[in-house]
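Please look at the structure below and keep its sequence at hand. The questions that follow ask how certain terms come to be used.

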Amino acid sequence: MNLKHFLAGSIVTAAVATALVLGGTATAQASIFPPPKPIGPGSVTKPIYNAPSYPGFHLPAELWTKYGPQVKPSAPQPFTVLPASCGAAVGHELQTMLDSEGYTFTGDSAVHATQDPQLLALLAGHPSVSCRWVQFRTGARVDVTDGIGIDNTAVSTRLRELGFSDPTPWEYPSLDVDGVLYTQNATNSQGGWTLVAVTDNSDLRGLVGTTAADTLLGLNE
């Protein structure tokens, strides 16, 4: 055997020894680190997972969405802001419509949007703003009063006693009496109250009530 054969044999022997060592290491690692379990739900063939009528029916825990602790909604904040002017009580667009229809702001600050003694008593003593516009050509009137710090429950109870309509997602409680459309909104638990009375038979008739109430709400959001 010459030197060349000897060196080649030594290299082969070393390679085999290395492979044996690596194989033993891999076996040891496999025993220390078992094969990973697949991620996903377990068996979903059980009735409790796939039969909604089965008592205790629910999705496998692996499919649950984890949420943090439920946040309690904050209590509605009381209204603290009144319109700074009568123009602000109805908003720019409605004020422009009143102007175009020939209405004049009179500066009368008395409450004309209700004549009911009990409603007037519920408004008395609280911060409020009252406004009147008159169309002198026809005698039509638009009256708006905004109040804050009001007992909304007492107001709502009295409105029902007077026959005001139930509120809807699009309209506030209203009552049509002797050609006057009264629209009033007492914001639940927040002390806000908008009173409106309109004698106009045009499109302004229903628009003033919703716009004025929405304007007071917007000032206090």
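**Helix α4 and the sheet**

The buried residues of α4 pack against α3 (86-90), β2 (128-135), β3 and α7, where contact means heavy atoms within 4.5 Å. This is a predicted model, in which local features need pLDDT of at least 70, side-chain atom pairs count only at pLDDT 80 or more, and totals for chains, interfaces and linings use all residues. Residues are numbered from 1 along each chain as its sequence is written, and side-chain values use heavy atoms, with hydrogens and water left out.

Q: Which residues of helix α4 are called buried, and what makes them so?
A: In helix α4 (residues 92-100) they are L94, Q95 and L98, and the word applies because buried means under 20% relative accessible area, exposed over 50%, and partly exposed in between (1.4 Å probe, protein chains only).

Q: Why are these buried residues placed on the same side of α4?
A: They cover an arc of only 100° around the axis, which puts them on the same side of α4; the arc is that of the directions from the helix axis to the C-beta atoms. The face turned away from the buried side of α4 carries the exposed residues H92, E93 and S100.

Q: Why are β5 and β6 called paired strands?
A: Two strands pair if DSSP finds at least two bridges between them, and β5 (residues 180-187) and β6 (residues 192-198) pair in the antiparallel sense over seven bridges, so the definition is met.

Q: What makes β1 and β4 edge strands?
A: In the open sheet the order is β1-β2-β3-β6-β5-β4. β1 (104-105) and β4 (174-177) each have a single partner strand, so one side of each is left without a neighbour in the sheet.

Note on methods
Helices (H or I, at least four residues) and strands (E, at least two) are DSSP runs, numbered from the N terminus.
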